[in-house]
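Subject: Structure handover

Hello,

Here is the structure I said I would pass on. Please open it first; my notes on what was found follow below.

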Amino acid sequence: MTVVGHDGGIISSIEDIDGITYALTGQGLNVYDAADPGNLALLGSTAVPEAGGTLFADTASDRMFVVNGNSFTAVDISVDASPTLLGSWDMPSTSYEIVGFYVVDDYAYTGYKSGDSYGMKIFNVADATHPDYVAYVSVKLTDLEPAVVGDLVYAQTENGFIVI
């Protein structure tokens with residue numbers, strides 16, 4: 001095994017979209033040209049609240065979502081050299097933890113837990129500068145990536161599935 005490229009720092013999550021690599025560090029989101037992995041080129045970066053966590057790409061709308069503990073943040077990635085913080089949303093209490101996140105069209109589905117309670121909160125993220133809370137479902141999800149068929153969302157639970 002040979003290391004062909006490297007950049008310093010601790011990476012908590014990474015996504016690659018068509019040769020552009022998005023790396024989440026303790027300082028924020030870094031964007032690299034990875035067409036030549038032996039010569040990674042930093043294109044741009046932006047600080048994000050509570051950096052670290054997990055990245056979720058929404059390539060249909062040129063957004064990257066950063067999920068960290070009990071919050072999520074949307075970043076505009078339409079210009080590689082200039083990722084721009086759009087907006088964020090925090091769970092109502094630090095006892096809530098986001099354990100799953102998925103974006104379909106204009107909606108973000110967040111699986112969460114709080115103690116022994118589980119559920120899903122749904123947000124309209126069409127205007128990612130102001131994510132809008134839409135609905136809540138009290139259910140323990142077993143698969144944190146729902147399937148979408150037309151206008152319906154299917155999410156697997158420990159006792160079957162739900163349709164939203």
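Accessible areas here come from the Shrake-Rupley method with a 1.4 Å probe. On that basis the protein exposes about 8,800 Å², and carbon and sulfur atoms supply 48% of it. Please keep in mind that this is a predicted model.

Overall make-up

The protein has 15 strands and zero helices. Of its 164 residues, 38% are buried. If one takes the contacts between residues at least 6 apart in sequence, 33% of them join residues at least 24 apart.

The sheet S5-S6-S7-S8

Four strands form an open sheet, in the order S5-S6-S7-S8, with antiparallel pairing. Strand S5 (54–58) and strand S8 (84–90) each have a single partner strand and stand at the edges, so one side of each has no neighbour in the sheet. From one strand to the next, the twist averages 20°.

Within this sheet, strand S6 (residues 63–68) and strand S7 (residues 71–76) run antiparallel and are joined by six bridges. One pairing to look for is Val67, whose bridge partner in S7 is Phe72.

Thr73 also lies in strand S7. Is Thr73 buried or exposed? Its relative accessible area is 2%, so Thr73 is buried. Leaving out residues up to four places away in sequence, Thr73 touches Pro49, Met64, Phe65, Val66, Leu85, Gly87 and Ser88.

The salt bridge

How many salt bridges does a search of the whole structure find? The search finds one. The salt bridge is formed by Arg63 with Asp58, and the closest N and O atoms are 2.8 Å apart. Arg63 counts as buried because its relative accessibility is 6%, under the 20% limit. Asp58 counts as buried as well, at 6% relative accessibility.

The nonpolar cores

In soluble globular proteins, nonpolar side chains tend to be buried together. In this model the largest nonpolar core has 14 residues. Those with the most contacts inside this core are Phe65, Phe72, Phe101, Val103, Ala108, Phe123 and Val125. At least two residues of the core come from each of S6, S7, strand S9 (97–104) and strand S10 (107–114). Which strand gives the largest share of this core? S9 does, with three residues.

Ala108 can serve as a way into this region. Not counting residues up to four places away in sequence, Ala108 touches Phe101, Tyr102, Val103, Lys121, Ile122, Phe123 and Val125. There is also a second, separate core of twelve residues, which includes Ile20, Tyr22, Leu55 and Val75.

Three further residues

Tyr112 is placed in strand S10. With a relative accessibility of 4%, Tyr112 counts as buried. Tyr112 and Tyr96 are 16 residues apart in sequence, and their C-alpha atoms are 6.6 Å apart in space. Residues up to four places away in sequence aside, Tyr112 touches Met91, Tyr96, Glu97, Ile98, Val99, Ser117, Tyr118, Gly119, Met120, Lys121 and Tyr136.

Thr46 belongs to strand S4 (residues 41–46). Its relative accessible area is 16%, so Thr46 is buried; the limit for buried is under 20%. Apart from its neighbours within four places in sequence, Thr46 is in contact with Gln27, Gly28, Leu29, Val75, Pro83 and Leu85.

Asp80 is found in the loop between S7 and S8. Asp80 is only partly exposed because its relative accessible area is 30%, which falls between the 20% limit for buried and the 50% limit for exposed. What does Asp80 touch, not counting residues up to four places away in sequence? The residues are Ile20, Tyr22, Val31, Leu43 and Gly44. For Leu43, which is 37 residues from Asp80 along the chain, the two C-alpha atoms are separated by 6.4 Å.

Where to begin

If you want a starting point, Arg63 and Asp58 form the salt bridge, and Ala108 is listed among the residues with the most contacts inside the largest core.

Regards

Key
Residues are numbered from 1 along each chain as its sequence is written. This is a predicted model: local features need pLDDT of at least 70, side-chain atom pairs count only at pLDDT 80 or more; totals for chains, interfaces and linings use all residues. Side-chain values use heavy atoms; hydrogens and water are left out. Buried means under 20% relative accessible area, exposed over 50%, partly exposed in between (1.4 Å probe, protein chains only). Contact means heavy atoms within 4.5 Å. Two strands pair if DSSP finds at least two bridges between them. Axes are lines fitted to C-alpha atoms, for helices over the stretch in contact, and angles run from 0 to 180 degrees between N-to-C directions. A nonpolar core is a set of buried Ala, Val, Leu, Ile, Met, Phe, Trp, Tyr and Cys residues joined through side-chain atoms within 4.5 Å. A salt bridge is a side-chain nitrogen of Lys or Arg within 4 Å of a carboxyl oxygen of Asp or Glu.
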